[in-house]
Amino acid sequence: MSSAVSCPVLRSLVTGSPPYQVAQSEIREAARTLFPRMAARPHLLDVFSNAQIESRALSRPLDWYLEPRGFGEKNAVFIEQARALITRLSAEALARAELRPTEIDAVIVVNTSGLSTPSLDAWLIESLGMGRHAARLPIWGLGCAGGAAGLARAADLVRAGFKRVLYVAVELCSLTLVKGDESKSNFVGTALFSDGGAALVVTSLDVPGPPPLLSLHGAYSTLIENSEDIMGWDVVDDGLKVRFSRDIPALVRGMMHGNVAEALAAHGWTQEEISTFIVHPGGVKVLSAYEEALDLPSGALDSSRTILRAHGNMSSATVLFVLEEALKAGPQGKALLSAMGPGFSAEHVLLEI
(Lines give C-alpha, C1' and ligand atoms only; values in the text may rest on other atoms or scores of the structure.)
Protein backbone atom coordinates (compact mmCIF):
# COMPACT_ATOMS: atom_id res chain seq x y z
CA MET A 1 0.00 0.00 0.00
CA SER A 2 1.22 3.50 -0.80
CA SER A 3 2.39 5.59 2.10
CA ALA A 4 0.38 8.67 3.10
CA VAL A 5 3.19 10.86 1.75
CA SER A 6 2.74 9.54 -1.82
CA CYS A 7 -1.06 9.41 -1.80
CA PRO A 8 -3.01 11.74 -4.06
CA VAL A 9 -4.76 14.46 -2.06
CA LEU A 10 -7.98 16.41 -2.38
CA ARG A 11 -7.33 20.16 -2.52
CA SER A 12 -10.84 21.50 -3.07
CA LEU A 13 -14.46 20.42 -3.28
CA VAL A 14 -17.33 22.62 -4.49
CA THR A 15 -20.97 21.61 -4.94
CA GLY A 16 -23.91 23.39 -6.49
CA SER A 17 -27.32 23.10 -8.12
CA PRO A 18 -29.38 24.57 -10.97
CA PRO A 19 -31.44 27.64 -10.08
CA TYR A 20 -34.91 26.23 -9.44
CA GLN A 21 -35.47 25.05 -5.84
CA VAL A 22 -38.76 23.25 -5.25
CA ALA A 23 -40.32 21.87 -2.07
CA GLN A 24 -41.15 18.17 -2.06
CA SER A 25 -44.73 19.06 -1.19
CA GLU A 26 -45.05 21.01 -4.46
CA ILE A 27 -43.71 18.08 -6.47
CA ARG A 28 -46.18 15.79 -4.72
CA GLU A 29 -49.03 17.98 -5.89
CA ALA A 30 -47.60 18.10 -9.41
CA ALA A 31 -47.66 14.31 -9.45
CA ARG A 32 -51.46 14.45 -9.52
CA THR A 33 -51.20 16.04 -12.97
CA LEU A 34 -48.30 13.90 -14.13
CA PHE A 35 -49.76 10.58 -13.03
CA PRO A 36 -53.56 10.92 -12.72
CA ARG A 37 -54.24 7.18 -12.59
CA MET A 38 -51.70 6.49 -9.85
CA ALA A 39 -52.57 9.67 -7.94
CA ALA A 40 -56.14 8.43 -7.72
CA ARG A 41 -54.82 5.89 -5.22
CA PRO A 42 -53.80 8.18 -2.33
CA HIS A 43 -51.56 5.62 -0.65
CA LEU A 44 -49.24 5.71 -3.68
CA LEU A 45 -48.59 9.42 -3.09
CA ASP A 46 -47.13 8.43 0.29
CA VAL A 47 -43.88 7.68 -1.55
CA PHE A 48 -43.24 11.45 -1.59
CA SER A 49 -43.34 11.74 2.21
CA ASN A 50 -41.73 8.34 2.80
CA ALA A 51 -38.71 9.50 0.78
CA GLN A 52 -37.86 11.92 3.64
CA ILE A 53 -36.88 14.65 1.18
CA GLU A 54 -37.80 18.27 1.87
CA SER A 55 -36.57 20.08 -1.23
CA ARG A 56 -34.89 19.49 -4.57
CA ALA A 57 -33.23 21.50 -7.32
CA LEU A 58 -34.57 21.32 -10.87
CA SER A 59 -33.18 22.49 -14.21
CA ARG A 60 -36.46 24.11 -15.21
CA PRO A 61 -39.43 25.59 -13.30
CA LEU A 62 -41.78 22.89 -12.03
CA ASP A 63 -44.53 23.81 -14.52
CA TRP A 64 -42.17 22.93 -17.40
CA TYR A 65 -42.28 19.28 -16.40
CA LEU A 66 -46.07 19.13 -16.57
CA GLU A 67 -46.04 19.14 -20.38
CA PRO A 68 -44.82 16.26 -22.58
CA ARG A 69 -41.19 16.71 -23.66
CA GLY A 70 -39.24 14.71 -26.22
CA PHE A 71 -35.72 13.37 -25.81
CA GLY A 72 -34.23 16.07 -28.03
CA GLU A 73 -35.76 18.93 -26.05
CA LYS A 74 -34.77 17.42 -22.70
CA ASN A 75 -31.23 16.76 -23.84
CA ALA A 76 -30.83 20.32 -25.14
CA VAL A 77 -31.74 21.55 -21.64
CA PHE A 78 -29.25 19.07 -20.18
CA ILE A 79 -26.39 20.43 -22.29
CA GLU A 80 -27.29 24.05 -21.55
CA GLN A 81 -27.64 23.62 -17.79
CA ALA A 82 -24.80 21.14 -17.34
CA ARG A 83 -22.36 23.42 -19.15
CA ALA A 84 -23.35 26.41 -17.04
CA LEU A 85 -23.14 24.46 -13.78
CA ILE A 86 -19.80 22.75 -14.36
CA THR A 87 -18.18 25.95 -15.59
CA ARG A 88 -19.20 27.81 -12.44
CA LEU A 89 -18.26 25.02 -10.04
CA SER A 90 -14.94 24.25 -11.74
CA ALA A 91 -13.82 27.87 -11.70
CA GLU A 92 -14.48 28.01 -7.95
CA ALA A 93 -12.75 24.67 -7.32
CA LEU A 94 -9.64 25.84 -9.16
CA ALA A 95 -9.61 29.11 -7.24
CA ARG A 96 -9.86 27.30 -3.91
CA ALA A 97 -7.03 24.97 -4.97
CA GLU A 98 -4.94 28.02 -5.90
CA LEU A 99 -4.45 26.76 -9.45
CA ARG A 100 -4.75 28.48 -12.81
CA PRO A 101 -6.78 26.65 -15.47
CA THR A 102 -3.65 26.27 -17.59
CA GLU A 103 -2.01 24.23 -14.82
CA ILE A 104 -4.53 21.39 -15.00
CA ASP A 105 -3.05 18.20 -16.47
CA ALA A 106 -6.23 16.13 -16.83
CA VAL A 107 -10.01 16.60 -16.75
CA ILE A 108 -12.62 13.99 -15.76
CA VAL A 109 -16.34 14.56 -16.24
CA VAL A 110 -18.82 11.99 -14.91
CA ASN A 111 -22.49 11.95 -15.89
CA THR A 112 -25.28 9.57 -16.86
CA SER A 113 -28.42 11.70 -17.18
CA GLY A 114 -27.78 13.33 -20.57
CA LEU A 115 -25.74 13.02 -23.76
CA SER A 116 -23.13 15.35 -25.20
CA THR A 117 -20.73 14.79 -28.08
CA PRO A 118 -18.23 16.45 -27.98
CA SER A 119 -18.20 15.47 -24.32
CA LEU A 120 -18.62 18.02 -21.55
CA ASP A 121 -14.90 18.04 -20.72
CA ALA A 122 -14.16 19.57 -24.14
CA TRP A 123 -16.58 22.40 -23.39
CA LEU A 124 -15.00 22.87 -19.97
CA ILE A 125 -11.48 23.13 -21.37
CA GLU A 126 -12.66 25.75 -23.87
CA SER A 127 -14.77 27.77 -21.45
CA LEU A 128 -12.13 27.97 -18.70
CA GLY A 129 -9.13 28.35 -20.98
CA MET A 130 -7.36 25.20 -19.85
CA GLY A 131 -4.37 23.80 -21.70
CA ARG A 132 -5.26 22.18 -25.02
CA HIS A 133 -3.11 19.16 -24.21
CA ALA A 134 -4.87 18.27 -20.97
CA ALA A 135 -5.85 14.61 -20.88
CA ARG A 136 -9.61 14.09 -21.14
CA LEU A 137 -11.58 11.29 -19.48
CA PRO A 138 -15.36 11.49 -19.93
CA ILE A 139 -17.14 8.75 -17.94
CA TRP A 140 -20.75 7.92 -18.82
CA GLY A 141 -23.17 5.26 -17.61
CA LEU A 142 -22.11 4.53 -14.03
CA GLY A 143 -25.14 6.28 -12.53
CA CYS A 144 -25.12 6.66 -8.77
CA ALA A 145 -21.81 4.76 -8.53
CA GLY A 146 -20.10 7.32 -10.77
CA GLY A 147 -19.31 9.80 -8.00
CA ALA A 148 -17.14 7.26 -6.20
CA ALA A 149 -15.66 5.77 -9.36
CA GLY A 150 -14.74 9.19 -10.73
CA LEU A 151 -12.91 10.08 -7.54
CA ALA A 152 -10.99 6.82 -7.76
CA ARG A 153 -10.03 7.50 -11.38
CA ALA A 154 -8.87 11.03 -10.48
CA ALA A 155 -6.53 9.52 -7.89
CA ASP A 156 -5.34 6.94 -10.44
CA LEU A 157 -4.43 9.72 -12.89
CA VAL A 158 -2.41 11.51 -10.21
CA ARG A 159 -0.56 8.27 -9.44
CA ALA A 160 0.11 7.91 -13.18
CA GLY A 161 1.86 11.30 -13.27
CA PHE A 162 -0.94 13.78 -14.03
CA LYS A 163 -0.23 15.93 -11.00
CA ARG A 164 -3.24 18.26 -11.17
CA VAL A 165 -6.62 16.74 -12.01
CA LEU A 166 -9.96 18.51 -12.24
CA TYR A 167 -12.83 16.11 -11.57
CA VAL A 168 -16.45 17.05 -12.20
CA ALA A 169 -19.71 15.14 -11.70
CA VAL A 170 -22.96 16.61 -13.02
CA GLU A 171 -26.42 15.06 -13.12
CA LEU A 172 -29.75 16.56 -14.15
CA CYS A 173 -31.94 13.60 -13.24
CA SER A 174 -35.17 15.60 -13.30
CA LEU A 175 -34.88 15.67 -17.09
CA THR A 176 -35.38 11.90 -17.22
CA LEU A 177 -38.97 12.22 -16.00
CA VAL A 178 -41.34 10.74 -18.60
CA LYS A 179 -44.77 12.38 -18.31
CA GLY A 180 -47.59 9.87 -18.47
CA ASP A 181 -45.36 6.84 -17.85
CA GLU A 182 -47.12 5.35 -14.84
CA SER A 183 -44.59 2.60 -14.22
CA LYS A 184 -43.56 2.19 -10.61
CA SER A 185 -39.95 3.08 -11.41
CA ASN A 186 -40.84 6.39 -13.07
CA PHE A 187 -43.25 7.26 -10.26
CA VAL A 188 -40.67 6.56 -7.54
CA GLY A 189 -38.00 8.37 -9.54
CA THR A 190 -40.22 11.45 -9.57
CA ALA A 191 -40.22 11.32 -5.76
CA LEU A 192 -36.43 10.96 -5.50
CA PHE A 193 -34.46 12.43 -8.40
CA SER A 194 -33.02 15.93 -8.57
CA ASP A 195 -30.22 17.94 -10.16
CA GLY A 196 -26.76 18.96 -8.98
CA GLY A 197 -23.04 18.89 -9.59
CA ALA A 198 -19.66 18.90 -7.88
CA ALA A 199 -16.14 19.93 -8.88
CA LEU A 200 -12.99 18.68 -7.15
CA VAL A 201 -9.27 19.18 -7.59
CA VAL A 202 -7.04 16.19 -6.85
CA THR A 203 -3.26 16.65 -6.90
CA SER A 204 -0.03 15.04 -5.85
CA LEU A 205 1.11 16.11 -2.41
CA ASP A 206 4.11 18.05 -3.74
CA VAL A 207 1.93 20.49 -5.70
CA PRO A 208 1.90 23.85 -3.86
CA GLY A 209 -1.47 24.94 -2.57
CA PRO A 210 -3.80 24.97 0.43
CA PRO A 211 -3.63 22.19 3.03
CA PRO A 212 -5.18 18.96 1.68
CA LEU A 213 -8.70 18.10 2.77
CA LEU A 214 -7.90 14.38 2.70
CA SER A 215 -5.69 11.76 1.07
CA LEU A 216 -6.86 9.00 -1.28
CA HIS A 217 -5.44 5.58 -0.44
CA GLY A 218 -7.11 3.29 -2.95
CA ALA A 219 -10.37 1.99 -4.37
CA TYR A 220 -12.30 -1.21 -4.94
CA SER A 221 -14.87 -2.02 -7.64
CA THR A 222 -17.35 -4.88 -7.82
CA LEU A 223 -19.61 -5.83 -10.73
CA ILE A 224 -22.37 -8.20 -9.66
CA GLU A 225 -23.09 -10.94 -12.18
CA ASN A 226 -26.43 -11.13 -13.99
CA SER A 227 -27.67 -7.89 -12.41
CA GLU A 228 -28.25 -5.67 -15.44
CA ASP A 229 -32.00 -5.50 -14.71
CA ILE A 230 -31.49 -4.00 -11.24
CA MET A 231 -30.91 -0.41 -12.37
CA GLY A 232 -30.43 1.60 -15.54
CA TRP A 233 -32.11 3.53 -18.35
CA ASP A 234 -34.33 2.33 -21.16
CA VAL A 235 -33.96 4.73 -24.09
CA VAL A 236 -37.43 5.63 -25.39
CA ASP A 237 -38.77 8.39 -27.65
CA ASP A 238 -39.54 10.51 -24.58
CA GLY A 239 -36.03 10.21 -23.17
CA LEU A 240 -34.16 8.12 -20.61
CA LYS A 241 -36.73 6.02 -18.78
CA VAL A 242 -35.53 4.90 -15.37
CA ARG A 243 -35.29 1.23 -14.51
CA PHE A 244 -34.66 0.05 -10.98
CA SER A 245 -35.64 -2.84 -8.80
CA ARG A 246 -37.35 -2.83 -5.42
CA ASP A 247 -34.78 -5.49 -4.44
CA ILE A 248 -31.91 -3.00 -4.08
CA PRO A 249 -32.14 -2.68 -0.25
CA ALA A 250 -32.20 -6.47 0.08
CA LEU A 251 -29.19 -6.72 -2.22
CA VAL A 252 -27.31 -4.16 -0.11
CA ARG A 253 -28.25 -5.98 3.06
CA GLY A 254 -27.07 -9.28 1.68
CA MET A 255 -23.77 -8.32 0.07
CA MET A 256 -22.40 -5.16 1.62
CA HIS A 257 -20.86 -6.63 4.78
CA GLY A 258 -18.61 -8.97 2.79
CA ASN A 259 -17.99 -6.50 -0.01
CA VAL A 260 -16.81 -3.74 2.34
CA ALA A 261 -14.59 -6.22 4.19
CA GLU A 262 -13.00 -7.23 0.87
CA ALA A 263 -12.50 -3.60 -0.18
CA LEU A 264 -10.77 -2.73 3.07
CA ALA A 265 -8.70 -5.93 3.24
CA ALA A 266 -7.38 -5.29 -0.29
CA HIS A 267 -5.59 -2.27 1.18
CA GLY A 268 -4.74 -3.72 4.59
CA TRP A 269 -7.56 -1.93 6.44
CA THR A 270 -10.36 -3.26 8.67
CA GLN A 271 -13.81 -1.87 9.44
CA GLU A 272 -12.77 -1.22 13.04
CA GLU A 273 -10.32 1.40 11.75
CA ILE A 274 -13.00 3.35 9.85
CA SER A 275 -14.26 6.37 11.76
CA THR A 276 -16.36 7.97 9.00
CA PHE A 277 -18.72 6.38 6.45
CA ILE A 278 -19.64 8.49 3.42
CA VAL A 279 -22.46 6.70 1.61
CA HIS A 280 -24.53 7.61 -1.44
CA PRO A 281 -28.12 8.06 -0.22
CA GLY A 282 -30.00 6.21 -2.92
CA GLY A 283 -33.00 6.33 -0.61
CA VAL A 284 -33.86 5.89 3.05
CA LYS A 285 -34.31 2.12 2.68
CA VAL A 286 -30.89 1.78 1.05
CA LEU A 287 -29.25 3.72 3.90
CA SER A 288 -30.99 1.55 6.50
CA ALA A 289 -29.84 -1.58 4.68
CA TYR A 290 -26.24 -0.31 4.63
CA GLU A 291 -26.40 0.40 8.37
CA GLU A 292 -27.77 -3.07 9.07
CA ALA A 293 -25.21 -4.82 6.88
CA LEU A 294 -22.28 -3.11 8.58
CA ASP A 295 -23.86 -2.90 12.05
CA LEU A 296 -23.18 0.84 12.16
CA PRO A 297 -23.94 2.88 15.29
CA SER A 298 -26.80 5.37 15.34
CA GLY A 299 -25.87 8.58 13.56
CA ALA A 300 -23.10 7.06 11.45
CA LEU A 301 -24.87 8.06 8.22
CA ASP A 302 -26.24 11.43 9.37
CA SER A 303 -24.39 13.24 6.57
CA SER A 304 -26.05 11.04 3.97
CA ARG A 305 -29.49 11.64 5.46
CA THR A 306 -28.89 15.40 5.65
CA ILE A 307 -28.07 15.56 1.94
CA LEU A 308 -30.99 13.33 0.97
CA ARG A 309 -33.36 15.54 2.95
CA ALA A 310 -32.04 18.81 1.49
CA HIS A 311 -31.30 17.76 -2.08
CA GLY A 312 -32.82 14.38 -2.99
CA ASN A 313 -30.94 11.86 -5.14
CA MET A 314 -28.65 13.55 -7.69
CA SER A 315 -27.13 10.29 -8.91
CA SER A 316 -23.31 10.45 -9.16
CA ALA A 317 -22.95 13.91 -7.64
CA THR A 318 -24.78 13.02 -4.43
CA VAL A 319 -21.98 11.18 -2.64
CA LEU A 320 -19.72 14.19 -3.25
CA PHE A 321 -22.30 16.41 -1.52
CA VAL A 322 -22.21 13.89 1.35
CA LEU A 323 -18.42 14.09 1.45
CA GLU A 324 -18.60 17.88 1.69
CA GLU A 325 -21.19 17.61 4.46
CA ALA A 326 -19.11 15.06 6.39
CA LEU A 327 -16.00 17.25 6.21
CA LYS A 328 -17.86 20.10 7.92
CA ALA A 329 -17.77 18.15 11.18
CA GLY A 330 -13.97 18.10 11.10
CA PRO A 331 -13.48 14.33 11.39
CA GLN A 332 -10.05 12.76 11.65
CA GLY A 333 -8.79 9.34 10.62
CA LYS A 334 -9.74 6.74 8.05
CA ALA A 335 -12.97 6.94 6.07
CA LEU A 336 -14.81 4.90 3.47
CA LEU A 337 -16.76 6.47 0.60
CA SER A 338 -19.28 4.09 -1.01
CA ALA A 339 -21.86 4.15 -3.79
CA MET A 340 -23.78 1.60 -5.86
CA GLY A 341 -25.14 1.95 -9.36
CA PRO A 342 -26.06 0.36 -12.69
CA GLY A 343 -24.18 -2.75 -13.56
CA PHE A 344 -25.22 -3.60 -10.83
CA SER A 345 -22.05 -2.45 -9.15
CA ALA A 346 -20.44 -1.22 -5.94
CA GLU A 347 -17.63 1.34 -5.75
CA HIS A 348 -15.58 2.10 -2.63
CA VAL A 349 -12.84 4.70 -2.10
CA LEU A 350 -10.51 4.58 0.91
CA LEU A 351 -9.79 8.01 2.39
CA GLU A 352 -7.79 9.46 5.25
CA ILE A 353 -9.00 12.79 6.61
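**Salt bridges, buried elements and annotated sites**

In the predicted model, R253 has a relative accessible area of 38% and is therefore partly exposed. The side chain of R253 forms a salt bridge with that of E292, with an N-to-O distance of 2.9 Å. This pair connects distant parts of the chain, since R253 belongs to helix α8 and E292 to helix α9, with the two positions 39 residues apart.

Helix α9, which spans residues 284–294, is mostly covered, with eight of its eleven residues buried. The buried set consists of V284, V286, L287, A289, Y290, E291, A293 and L294. The elements that cover these residues include three helices, α3 (46–50), α8 (248–265) and α10 (302–311), together with the strands β11 (274–279) and β12 (334–341). Helix α8 thus contributes to the cover of α9 and also carries R253, the partner of E292. Directly after α9 comes D295, for which the phi angle is positive, near 55°.

Strand β11, one of the elements covering α9, is itself mostly covered, as five of its six residues are buried. Strands β11 and β12 run parallel and are joined by five bridges. Within this pairing, V279 has S338 of β12 as its bridge partner. An antiparallel arrangement is found elsewhere, where six bridges join β9 (residues 231–236) to β10 (residues 239–244). The bridge partner of V235 in β10 is L240. Two residues separate β9 from β10, and the two strands form a hairpin.

The annotated positions were examined next. An unreviewed UniProt entry lists C144 under "active site". C144 is placed in the loop that separates β5 (135–140) from α6 (146–159). C144 counts as buried because its relative accessibility is 7%, below the 20% limit for that class. With residues up to four places away in sequence left out, C144 touches H280, N313, S315, S316, A339, M340, G341 and P342. UniProt, again in an unreviewed entry, also assigns residues 101–204 to the feature "domain: Chalcone/stilbene synthase N-terminal". This span is 31% helix and 29% strand, and the C-alpha atoms at its two ends are 17 Å apart.

Two further buried residues lie in strands. R11, in strand β1 (residues 9–16), is buried but takes part in no salt bridge. The nearest side chain of opposite charge is that of D206, at 6.5 Å, whereas a salt bridge requires the atoms to lie within 4 Å. R11 nevertheless has polar neighbours: its side chain makes a polar contact of 2.9 Å with the side chain of T203, and a polar atom of the R11 side chain lies 3.5 Å from the backbone oxygen of S204. Beyond its neighbours within four places in sequence, R11 is in contact with A97, V201, T203, S204, L205, V207, G209, P210, P212 and L213.

L350 is located in strand β13 (residues 345–352). L350 is classed as buried because its relative accessible area is 0%. Although L350 and S215 are 135 residues apart along the chain, their C-alpha atoms are separated by 8.6 Å. When neighbours within four places in sequence are set aside, the contacts of L350 are S215, L216, H217, G218, A263, L264, H267, W269, A335 and L336.

Across the whole structure, the search identified 16 salt bridges. One of the pairs joins R69 to E73, with the closest N and O atoms 2.8 Å apart. E73 has a relative accessibility of 36% and so counts as partly exposed. A further pair is formed by the side chains of R159 and D156, with an N-to-O distance of 3.1 Å. Both R159 and D156 belong to helix α6, where three residues, or about one turn of the helix, separate them. Relative accessible area is 37% for R159, which is therefore partly exposed. D156 is likewise counted as partly exposed because its relative accessibility is 34%. In addition to these pairs, R28, E29 and R32 are linked in a network of salt bridges.

Notes: Residues are numbered from 1 along each chain as its sequence is written. This is a predicted model: local features need pLDDT of at least 70, side-chain atom pairs count only at pLDDT 80 or more; totals for chains, interfaces and linings use all residues. Side-chain values use heavy atoms; hydrogens and water are left out. Helices (H or I, at least four residues) and strands (E, at least two) are DSSP runs, numbered from the N terminus. Buried means under 20% relative accessible area, exposed over 50%, partly exposed in between (1.4 Å probe, protein chains only). Lys and Arg count as positive and Asp and Glu as negative; His and the chain ends are not counted. A polar contact is a pair of N or O atoms within 3.5 Å; within protein, one must be able to donate a hydrogen and the other to accept it, and residues adjacent in sequence count only if both atoms are side-chain atoms. Contact means heavy atoms within 4.5 Å. UniProt positions are given in the numbering used here, feature names are shortened, and annotations may be inferred rather than shown by experiment. Two strands pair if DSSP finds at least two bridges between them.
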